[in-house]
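Thanks for making time for this one, everybody. I would like to take you through a few side chains, and after that a loop, so please keep the structure in view while I talk.

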Amino acid sequence: MSNTSSPSFSDLLDDAAFLSLEHQLRLEEAVGQHNWNVDLQAQRFTFTGEHELTCTDVHLLGSAAPGPGSWLWAWANPSGYPEAITALTTAVRDFGREHGIPELAEPEVPFGALPGAPDHPRVVAALMTEAAKAVSGRWTSYTAEVGSGTHASFMIEHPAFALPAPEGPRVMRTIQEGLSGLPLNDRRRALYSYGVRRGLQAEFDPSGSRLDLAGPTFRATVEFDEYGRPTKIDAKMAGADGADGAQGAEGAEGA
């Protein structure tokens, strides 16, 4: 996750970015148009609509409330939720305390203490959820308004959410959508972390200006400028006849 023993909160966001995105795309595929319902006491999260599905496990991460302008971790919530619902956030808290990351260690985090000082509860919930994913290794989440502008975030599990083996088109879609839409701090770190966590071969050249990613059926190269911004992506996909098909993207700068 990091070359040091103590990643920063921003490092965790980068570490989670692309793999989280791919899992959220997979969630959309699995549930389609839907309604949702959660019963925390029964530890049940259900989707109805296009595809009905009851999650095999659910974890409450916390809530971002506009009134106090803060995020409250589930482990610190006085509502008395079942321990199984909040245990994941206890592990995240312990990681934060061990590595000196106050955003994870403190029970309540003001919006203004987060990168970019966001003021919308949904944005805050997304940031806290991404960091929790990088620590916990759980990757599928659901965030929604639960009343009075407050947004709650959950980690949810089901076999339908599991990613298939990495294939070129899916990986390249994730990389290209991520570079164009994710608020990345360190793009090189984020892409390398994605490659490693996705089970790809991931290696920088000695200068750090090129990252090579390889899976069973594809190879991709991302080139960076002196500011760490991706400038070119080349990918080669293995064709059905054993030949390689190539695709590339010039000027692939991320936000």
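The charged end of Arg-97 sits over the ring of Trp-75, at 5.7 Å from the ring's centre, and Arg-93 also lies over the face of Trp-75, with 4.8 Å to the ring centre. Please bear in mind that what you see is a predicted model.

Let me turn from charges over a ring to rings beside rings. How many aromatic pairs does the structure hold? There are eleven aromatic pairs, and one of them joins Trp-36 and Phe-45, whose ring centres are 5.5 Å apart and whose planes meet at 10°, so this pair counts as stacked. Of these two residues, Trp-36 is partly exposed, at 28% relative accessible area, while Phe-45 is buried, at 0%.

Next come Phe-47 and Tyr-142, whose ring centres lie 5.4 Å apart with the planes at 70°, so here the pair is edge-to-face. This pair links distant parts of the chain, since Phe-47 belongs to strand E2 and Tyr-142 to strand E7, 95 residues apart. Phe-47 is buried, with a relative accessible area of 0%, and Tyr-142 is buried too, at 14%. Through ring pairs, Trp-36, Phe-45, Phe-47, Tyr-142 and Phe-154 are linked into a cluster.

Finally, the loop. Glu-226 is found between strand E11 and strand E12, and is it buried or exposed? Its relative accessibility is 64%, so Glu-226 counts as exposed. Between the C-alpha atoms of Glu-226 and Ser-209 there are 7.5 Å in space, although the two residues are 17 apart in sequence.

Notes: Residues numbered from 1 in each chain as written. Predicted model: local features only at pLDDT ≥ 70, side-chain atom pairs only at ≥ 80, totals over all residues. Heavy atoms only, no water. Buried < 20%, exposed > 50% of the residue type's maximum accessible area, 1.4 Å probe, protein only. Phe/Tyr/Trp six-rings, centres within 6.5 Å; stacked < 30°, edge-to-face > 60°. Helix = DSSP H or I, 4+ residues; strand = E, 2+ residues; numbered from the N terminus. Lys NZ or Arg CZ within 6 Å of the ring centre and 35° of its normal.
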